[in-house]
Amino acid sequence: MSTPATPSTGRLRVLQRRIRWIVTATIAYNVVEATVALAAGAAASSAALVAFGLDSTIEVLSAAAVAWQFTRRDPERWERGTLRVIAVAFFALAMYVVASSAWALTTRVEAEHSLIGIILTALSVVIMPFLSLAERRAGREAGSATAVADAAQTLLCTYLSAAVLLGLVLNSAFGWWWADAVAGLVIAAFALREGVEAWRGDACATSVGMVLENEP
């Protein structure tokens with residue numbers, strides 16, 4: 001298996017600038033997403049939509065941490081600290097989803113139909129994978145574990161969007177109030193795993209240290 005080539009200084013600057021633009025777009029989208037989801041969730045008494053909105057807020061925190069890192073003169077210097085921030089965001093997301101899902105299951109929360117919530121989560125399922133893929137590619141080439149970890153969290157939010165969308169649709173169509181809560185517990189398990197990997201600095205095995213180890 002061929003070892004990854006270390007990008008030149010010029011190419012690295014291009015990649016870092018690309019990551020900043022992707023992260024900025026992710027932050028902007030998630031701010032809108034969080035605002036709409038929280039409002040729609042409150043209007044429909046939907047625990048899933050409220051959780052979705054708070055998840056978007058956590059995604060903004062993660063993306064902002066990466067954006068801050070890549071404004072530094074030496075981004076690699078801040079790699080470990082930024083990874084820890086992303087890991088904490090994963091852990092917070094997992095804990096909240098578990099708590100909200102357990103509460104919804106034990107209290108039998110029956111949310112009202114929310115067309116806005118369905119449209120919003122459907123858009124997220126389409127948009128977020130593109131942002132995640134673009135950041136992941138740039139992060140892997142640049143050897144940035146933080147960018148790859150943030151891309152993983154964006155992809156995780158895509159899964160959460162799909163789970164919430166499925167729950168909203170099943171609740172509206174069949175009255176299956178428990179569907180999104182069960183899906184949320186599955187997503188929480190993925191969030192916990194990604195958090196552990198980010199905390200260890202093992203995000204997709206693309207940290208700067210591993211890239212340097214592959215140099216002759």
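This is a short tour of the structure above, stop by stop, with a selection to make at each one. Keep in mind along the way that the model is predicted.

**Stop 1: the whole chain**

Start with a cartoon view of everything. You should find seven helices and zero strands, so there is no sheet to look for. Read from the N terminus, the order of elements is α-α-α-α-α-α-α. If you colour by accessibility, buried residues account for 47% of the 216 residues.

**Stop 2: H1 and its neighbour H4**

Select residues 9-44, which make up helix H1, and then residues 115-142, which make up helix H4. The axes of H1 and H4 lie 10 Å apart and pack at an angle of about 165°. That angle is over the 145 degrees needed, so H1 runs roughly antiparallel to H4. Look along the pair and you will see H1 pass H4 in a left-handed crossing.

While H1 is selected, show the side chain of Arg-20, which lies in this helix. Is Arg-20 buried, exposed or partly exposed? Its relative accessibility is 29%, so Arg-20 counts as partly exposed. Now add Ala-147 and draw a distance between the two C-alpha atoms: Arg-20 and Ala-147 are 9.6 Å apart in space, although 127 residues separate them in sequence.

**Stop 3: H4 against H5**

Keep H4 on screen and add residues 145-174, helix H5. Here the axes of H4 and H5 come within 8 Å and cross at roughly 165°. H4 and H5 are therefore roughly antiparallel to each other. The crossing of H4 past H5 is left-handed.

**Stop 4: H3 and H6**

Next, select residues 79-107, helix H3. H3 has 29 residues and reaches 42 Å from its first C-alpha to its last, close to the 42 Å expected at 1.5 Å a residue. Just after H3, click on Arg-108, whose phi is positive, at about 55°.

Then bring in residues 179-200, helix H6. The axes of H3 and H6 are 8 Å apart, and the two helices pack at an angle of about 160°. H3 and H6 are therefore roughly antiparallel to each other, and their crossing is left-handed.

Before leaving, show Arg-84 and Trp-199 as sticks. What lies over the face of Trp-199? It is Arg-84, at 4.0 Å from the ring centre.

**Stop 5: the aromatic cluster**

For the last stop, select Phe-174, Trp-176 and Trp-178, which together form one aromatic cluster. A pair of aromatic rings is described by the distance of the centres and the angle of the planes, so keep both in view as you turn the group. There are two aromatic pairs to find.

One of them joins Phe-174 and Trp-176, with 5.3 Å from centre to centre and 35° between the planes, which makes the pair tilted. The rings of Trp-176 and Trp-178 have centres 5.8 Å apart and planes at 15°, so this pair is stacked. Planes have to be under 30 degrees apart to count as stacked.

Finish by switching on the surface. Phe-174 is exposed, with a relative accessible area of 57%. Trp-176 has 39% relative accessibility and counts as partly exposed, and Trp-178, at 38%, is also partly exposed.

How values were computed. Residues are numbered from 1 along each chain as its sequence is written. This is a predicted model: local features need pLDDT of at least 70, side-chain atom pairs count only at pLDDT 80 or more; totals for chains, interfaces and linings use all residues. Side-chain values use heavy atoms; hydrogens and water are left out. Rings of Phe, Tyr and Trp (its six-membered ring) pair if their centres lie within 6.5 Å; planes under 30 degrees apart count as stacked, over 60 as edge-to-face and the rest as tilted. Buried means under 20% relative accessible area, exposed over 50%, partly exposed in between (1.4 Å probe, protein chains only). A charge sits over a ring if NZ of Lys or CZ of Arg is within 6 Å of the ring centre and within 35 degrees of the ring normal. Helices (H or I, at least four residues) and strands (E, at least two) are DSSP runs, numbered from the N terminus. The expected span of a helix is 1.5 Å times one less than its number of residues. Axes are lines fitted to C-alpha atoms, for helices over the stretch in contact, and angles run from 0 to 180 degrees between N-to-C directions. Angles under 35 degrees count as roughly parallel, over 145 as roughly antiparallel, 65 to 115 as roughly perpendicular and the rest as oblique. A crossing is left-handed if the near helix is turned anticlockwise from the far one by less than a right angle, and right-handed if clockwise.
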